[in-house]
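Got the viewer open? Here is a short tour, with a suggestion at each stop for what to select next.

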Amino acid sequence: MTWVAWRQARSAGYGLLAVTLGFTALALLERTEELSGMTRSLSIYLSLFVGVLLGAPLLAQEFEHGTYRMVWTQGVTRVRWLAGRCAVALTITLAGTAVVHGAVIALAEGGRGRPALLPAPVDGLDTAGLSPYARAVWMLALGLLAGAVLRRTVGAVAVTAGGWMATQLLFDNGLPRWVPDGWQDDFWAVQLGASGLLLGLTALAVVGTLFALGLRPALPVRRPAVTLVRPTPIRPD
Amino acid sequence: MAELPAVLLTGVGYRHGRTPALRDCSLSVPPGRVVGLIGPNGAGKTTLLHLMVGLLRPDRGEVRIFGREPGGDPAILDRVAFLAQDKPLYGSFTVAETMRLGRHLNSRWSDELAAERLGRLGIPADRPVRRLSGGQRSQVAITLAMAKRPDLMVLDEPLADLDPLRRHEVMSDLMALTAETGMTVVLSSHVVAELEETCDHLVLLGDGRVQLAGDLDEVRAGHHALSGPASLVAALPDAGTVVHATRTGEHAGLLWRSDRPPPDPRWAVRTPAIGDIVLAYLRAPEASALPRPTLLRQVSPGLRPVQTAPTASEESR
């Protein structure tokens with residue numbers, strides 16, 4: 001299953017690798033040029049790429065090309081197949097996010113005597129700590145859900161992009177407004193709370209995906225026993 | 001112990017949204033049969049096949065493959081191969097990668113079978129599937145299903161986009177595999193002639209209902225092509241049913257279903273070809289001859305088991 005999942009995620013993985021390399025190059029540039037935190041500001045877009053390149057097409061393409069009829073009739077259950085594909089996609093997502101996050105901290109800002117792990121709170125809420133990871137995983141899950149429900153790649157990509165904008169709105173406008181004054185003092189608590197919220201949404205999206213694929217966990221239902229009886233042929237002799 | 005049927009449907013109904021696709025379908029296919037599923041376009045053949053392989057779940061009734069529910073059961077997934085009508089494959093995978101997928105996802109996979117078949121057909125292993133011709137693609141998809149070495153192979157119009165030579169190849173490969181492994185084959189088609197020489201069991205689906213199901217010999221023996229004076233039609237014994245009748249002036253030609261031909265010697269009786277029988281049923285969508293699977297069912301705890309006797313039901317409902 002791992003090979004199949006990797007083979008299917010390969011081209012999206014290469015796309016994400018290119019994006020990651022782009023961010024790394026930008027971070028290296030920021031080391032020598034004054035870019036006023038551009039790498040960090042732009043790093044929020046990584047999760048958009050994750051959702052659009054990796055998440056949205058993962059299921060939508062199976063439906064669009066009808067290949068789910070081929071792969072769901074192989075000897076592996078749908079749940080195991082989905083788990084395998086998600087595991088590979090999740091690994092790619094986390095690795096890509098870690099590279100970009102690392103590039104922001106170590107390359108772009110590391111050389112300038114700023115505290116590496118503690119950015120200015122206001123713009124750090126969505127780019128520090130767990131946030132980048134939680135956002136990327138949430139975008140992946142949203143892409144899956146959109147693909148499972150809409151069964152069309154274009155639609156799934158559009159919904160995922162819309163979800164990304166909504167998330168951004170939440171971080172930019174929502175959170176600073178809703179949390180009590182002086183939240184900057186509790187930066188990490190707010191930050192952790194926001195990440196927790198996204199991971200909660202992720203869990204909901206995963207459950208929704210399972211439902212959309214008809215994989216609701218089977219409740220133990222007492223089924224009537226069915227026994228086959230073969231009528232005894234009457235032989236004249 | 002009675003051998004479990006390869007396919008058992010009891011009272012299966014399925015709706016696509018509000019449109020009923022299948023109504024009260026019951027059939028039982030013994031293992032080892034090669035079943036031709038025949039029916040006009042839109043009769044519900046594809047829906048029925050999807051139910052068999054677990055891609056759909058019935059709204060009513062039950063589907064059992066070797067006694068178990070298909071779809072979620074890994075033991076059944078490994079034993080059932082399916083070839084969908086449009087032969088879906090991953091276009092970016094090469095032929096070799098497609099076979100690797102089969103090997104990774106199926107525990108009974110046979111590399112030798114796959115390599116032998118693809119080699120014999122001259123399909124380049126390193127070519128991406130999307131760059132193959134339509135016929136080659138079909139062959140790759142069929143090979144993927146065969147090399148799984150299933151106990152039940154379900155094929156939805158497998159021959160539709162193959163030329164006559166390739167059709168013959170596919171059918172003889174299927175027959176060889178059936179002879180070797182004893183697997184059950186269910187294949188759908190709307191071309192009767194295609195199936196007559198290869199199938200030994202027939203399921204005729206019309207407008208979402210099973211009109212006719214049984215071994216070809218039984219079906220043939222149970223039908224008689226009669227021709228004679230039209231005045232005799234009313235006097236036919238009650239033990240039979242007129243499936244379809246044509247009348248030209250005083251002369252009537254009809255397909256009569258009964259265990260034995262009518263006693264009246266004025267009828268000229270002939271054993272009809274399977275094609276004629278199928279055609280008669282297609283022209284009379286309300287006619288049906290359903291062999292009901294015998295089922296001993298515990299209706300609910302506390303009630304006595306009720307045995308449904310096998311009936312050659314005359315009419316639909």
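Before we start, one term: two strands count as paired if DSSP finds at least two bridges between them. That is the sense in which residues will "stand opposite" each other, as Thr248(B) does with His251(B) in strand 12 of chain B. Keep in mind that this is a predicted model.

**Stop 1: all of chain B**

Select chain B. Its secondary structure comes to nine helices and 17 strands. Of its 317 residues, 52% are buried. Now think about how the chain folds back on itself: among contacts between residues at least 6 apart in sequence, 68% join residues at least 24 apart. Switch on a surface and you are looking at about 14200 Å² of accessible area, with 51% of that belonging to carbon and sulfur atoms.

**Stop 2: the three-stranded sheet**

Next, pick out strands 1, 2 and 4 of chain B. They make an open sheet in the order 2-1-4, with antiparallel pairing. Which strands stand at the edges? Strand 2 (19–29) and strand 4 (60–65) do; each has a single partner strand, so one side of each is left without a neighbour in the sheet. From one strand to the next, the twist averages 25°.

Zoom in on strand 1 (residues 7–16) of chain B. Seven of its ten residues are buried, so call it mostly covered. Look first towards strand 2 of chain B: seven bridges join the two, and they run antiparallel. Label Tyr14(B) and you'll find Leu22(B) standing opposite in strand 2 of chain B. The hairpin linking these strands has two residues between them, and in it Gly17(B) takes a positive phi near 65°.

Now look towards strand 4 of chain B, which pairs with strand 1 in the antiparallel sense over five bridges. Two pairs to label here: Leu8(B) has Arg64(B) as its bridge partner, and Gly13(B) stands opposite Arg60(B).

While you're on strand 1 of chain B, click Thr10(B), which sits in that strand. Is Thr10(B) buried or exposed? At 11% relative accessibility, Thr10(B) counts as buried, because the cut-off for buried is under 20%. Draw a C-alpha to C-alpha distance from Thr10(B) to Asp24(B): they are 14 residues apart in sequence and 7.5 Å apart in space.

**Stop 3: helix 1 of chain B**

Add helix 1 (residues 45–52) of chain B to the selection. This helix lies across strands 1, 2 and 4 of chain B, running at about 120° to strand 1. It also lies across strands 3, 5, 6, 7 and 8 of chain B, at about 155° to strand 7 (184–189). Follow those strands to the next stop.

**Stop 4: the six-stranded sheet**

Here the strand order is 5-6-7-3-8-9 in chain B, an open sheet with mixed pairing. Strand 5 (80–83) and strand 9 (209–215) of chain B stand at the edges with a single partner strand each, so one side of each has no neighbour in the sheet. The twist averages 15° from one strand to the next.

For a closer look, select strand 8 (residues 201–206) and strand 9 of chain B, which pair in the antiparallel sense over six bridges. Leu204(B) has Leu212(B) in strand 9 of chain B as its bridge partner.

**Stop 5: strand 12 of chain B**

Move along to residues 251–257 of chain B, which form strand 12. Six of its seven residues are buried, so strand 12 is largely enclosed by the rest of the structure. Strand 10 (residues 223–229) of chain B runs antiparallel to strand 12, joined by seven bridges; Ser227(B) stands opposite Gly253(B) there.

Strand 11 (residues 241–248) of chain B also pairs with strand 12 in the antiparallel sense, over seven bridges. Show Thr248(B) and His251(B), which stand opposite each other. Two residues lie between the strands in this hairpin, where Gly249(B) takes a positive phi near 60°.

**Stop 6: over to chain A**

Finally, select helix 1 (residues 2–32) and helix 3 (residues 46–64) of chain A. Their axes come within 10 Å and cross at roughly 170°, and the two helices are therefore roughly antiparallel to each other. Show side chains at the contact: among those from helix 1 are Leu16(A), Val19(A) and Phe23(A), and helix 3 brings residues including Phe49(A), Leu53(A) and Glu62(A). By class, this contact has nine nonpolar, two polar and one charged residues.

Notes: Residues numbered from 1 in each chain as written. Chains lettered and ligands numbered in written order. Predicted model: local features only at pLDDT ≥ 70, side-chain atom pairs only at ≥ 80, totals over all residues. Heavy atoms only, no water. Helix = DSSP H or I, 4+ residues; strand = E, 2+ residues; numbered from the N terminus. Buried < 20%, exposed > 50% of the residue type's maximum accessible area, 1.4 Å probe, protein only. Contact = heavy atoms within 4.5 Å. Areas by Shrake-Rupley, 256 points an atom, 1.4 Å probe, with all protein chains shown as cover. Axes fitted to C-alpha atoms, helices over the stretch in contact; angles between N-to-C directions. Parallel < 35°, antiparallel > 145°, perpendicular 65-115°, else oblique. Nonpolar A, V, L, I, M, F, W, Y, C, P; charged D, E, K, R; others polar.
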